[in-house]
Amino acid sequence: MTMKRSHTLYRNKAERIKNEALLNREAEFARQHKDDSDEALLQYIRDCAEKLGHIPKKHEVIGFTYLKSRFGPWPRVLEKAGLKEPKKKSAYALDMASTSK
């Protein structure tokens, strides 16, 4: 086996182990927080932001998969937590909404 192939196999195995650990961590978070209120989960996100010193990216938050399942896409999660301004609707979307009434 060549040195390059050996390195690639090692790197692939390390990546699989990392992904498995992440999946386990996400599943554990979901089990522990399935009965939490929306407000408790949103406070958790705000706490993460405070600890990080910035608005967190989803990969920076343990449990982001569960949080997305509860609140929707990551930008909506951040909006609901009060960490991001809601996306403004385009003039076209506003016009379509007003004409469909």
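**Exercise 1. Arg 70 and its partners**

In which helix is Arg 70 found? Place the residue, then work out what its side chain links.

Solution. The model is a predicted one.
- Step 1: Arg 70 is found in helix α3.
- Step 2: With a relative accessibility of 27%, Arg 70 counts as partly exposed.
- Step 3: Leaving out residues up to four places away in sequence, Arg 70 touches His 33, Lys 34, Asp 36, Ser 37, Asp 38 and Leu 41.
- Step 4: One of these, Asp 38, meets the side chain of Arg 70 in a salt bridge, at 2.6 Å from N to O. Since Arg 70 lies in helix α3 and Asp 38 in helix α2, the pair ties together parts that are 32 residues apart in sequence.
- Step 5: Asp 38 is partly exposed, its relative accessible area being 41%.
- Step 6: For Arg 70 and Lys 34, the C-alpha to C-alpha distance is 9.5 Å, while the separation in sequence is 36 residues.

**Exercise 2. Salt bridges**

How many salt bridges does the count come to? Describe two that do not involve Arg 70.

Solution.
- Step 1: The count comes to 4 salt bridges.
- Step 2: Arg 31 and Glu 28 form one of them, with 2.9 Å between N and O. These two residues are 3 apart in helix α1, so about one helical turn separates them.
- Step 3: Arg 31 is exposed, at a relative accessible area of 52%, whereas Glu 28 is partly exposed, at 34%.
- Step 4: Glu 39 forms another with Arg 46, and their closest N and O atoms are 2.3 Å apart.
- Step 5: Glu 39 has 47% relative accessibility and counts as partly exposed; Arg 46, at 22%, also counts as partly exposed.

**Exercise 3. A buried glutamate**

Which side chain of opposite charge is nearest to Glu 26, and how far away is it?

Solution.
- Step 1: Glu 26 is found in helix α1, which covers residues 3–33.
- Step 2: Glu 26 is buried and has no salt bridge.
- Step 3: The nearest side chain of opposite charge is that of Arg 25, 5.2 Å away. A salt bridge needs the nitrogen within 4 Å of a carboxyl oxygen, so the 5.2 Å to Arg 25 does not qualify.
- Step 4: Apart from neighbours within four places in sequence, the contacts of Glu 26 are Val 61, Ile 62, Gly 63, Phe 64, Thr 65 and Tyr 66.
- Step 5: For comparison, take Glu 79 in helix α4. Glu 79 counts as buried too, at 17% relative accessibility. Beyond four places in sequence, Glu 79 touches Lys 84, Glu 85, Pro 86 and Lys 87.

**Exercise 4. Aromatic pairs**

How many aromatic pairs does the structure hold? Classify the pair of Phe 29 and Tyr 44.

Solution.
- Step 1: There are 2 aromatic pairs.
- Step 2: The ring centres of Phe 29 and Tyr 44 lie 5.2 Å apart and the ring planes meet at 35°, so this pair is tilted.
- Step 3: Phe 29 sits in helix α1 and Tyr 44 in helix α2, 15 residues apart, and the pair links distant parts of the chain.
- Step 4: Phe 29 is buried, with a relative accessible area of 5%, while Tyr 44 is partly exposed, with 23%.
- Step 5: Through ring pairs, Phe 29, Tyr 44 and Tyr 66 join into a cluster.

**Exercise 5. The nonpolar core**

Which residues of the largest nonpolar core touch the most other members?

Solution.
- Step 1: This core has 14 residues, and those touching the most other members are Leu 41, Ile 45, Val 61, Leu 67, Phe 71 and Trp 74.
- Step 2: Helices α2 (38–52), α3 (64–71) and α4 (74–80) each contribute at least two residues to this core.
- Step 3: Take Phe 71. Outside the four nearest places in sequence, Phe 71 touches Asp 38, Leu 41, Leu 42, Arg 76, Val 77 and Lys 80.

**Exercise 6. Chain and confidence**

Where in the protein chain is confidence lowest, and where is it highest?

Solution.
- Step 1: The protein chain has 5 helices and 0 strands.
- Step 2: Of its 101 residues, 19% count as buried.
- Step 3: Among contacts with a separation of 6 or more, 51% join residues 24 or more positions apart.
- Step 4: The mean pLDDT of the chain is 87, and 79% of residues reach 70 or more.
- Step 5: Confidence is lowest in helix α5 (residues 91–99), with a mean of 64, and highest in α2, with 97.

Terms used
Residues numbered from 1 in each chain as written. Predicted model: local features only at pLDDT ≥ 70, side-chain atom pairs only at ≥ 80, totals over all residues. Heavy atoms only, no water. Helix = DSSP H or I, 4+ residues; strand = E, 2+ residues; numbered from the N terminus. Buried < 20%, exposed > 50% of the residue type's maximum accessible area, 1.4 Å probe, protein only. Lys, Arg positive; Asp, Glu negative; His and termini not counted. Contact = heavy atoms within 4.5 Å. Core = buried A, V, L, I, M, F, W, Y, C linked by side-chain atoms within 4.5 Å. Phe/Tyr/Trp six-rings, centres within 6.5 Å; stacked < 30°, edge-to-face > 60°. pLDDT = per-residue confidence, 0-100.
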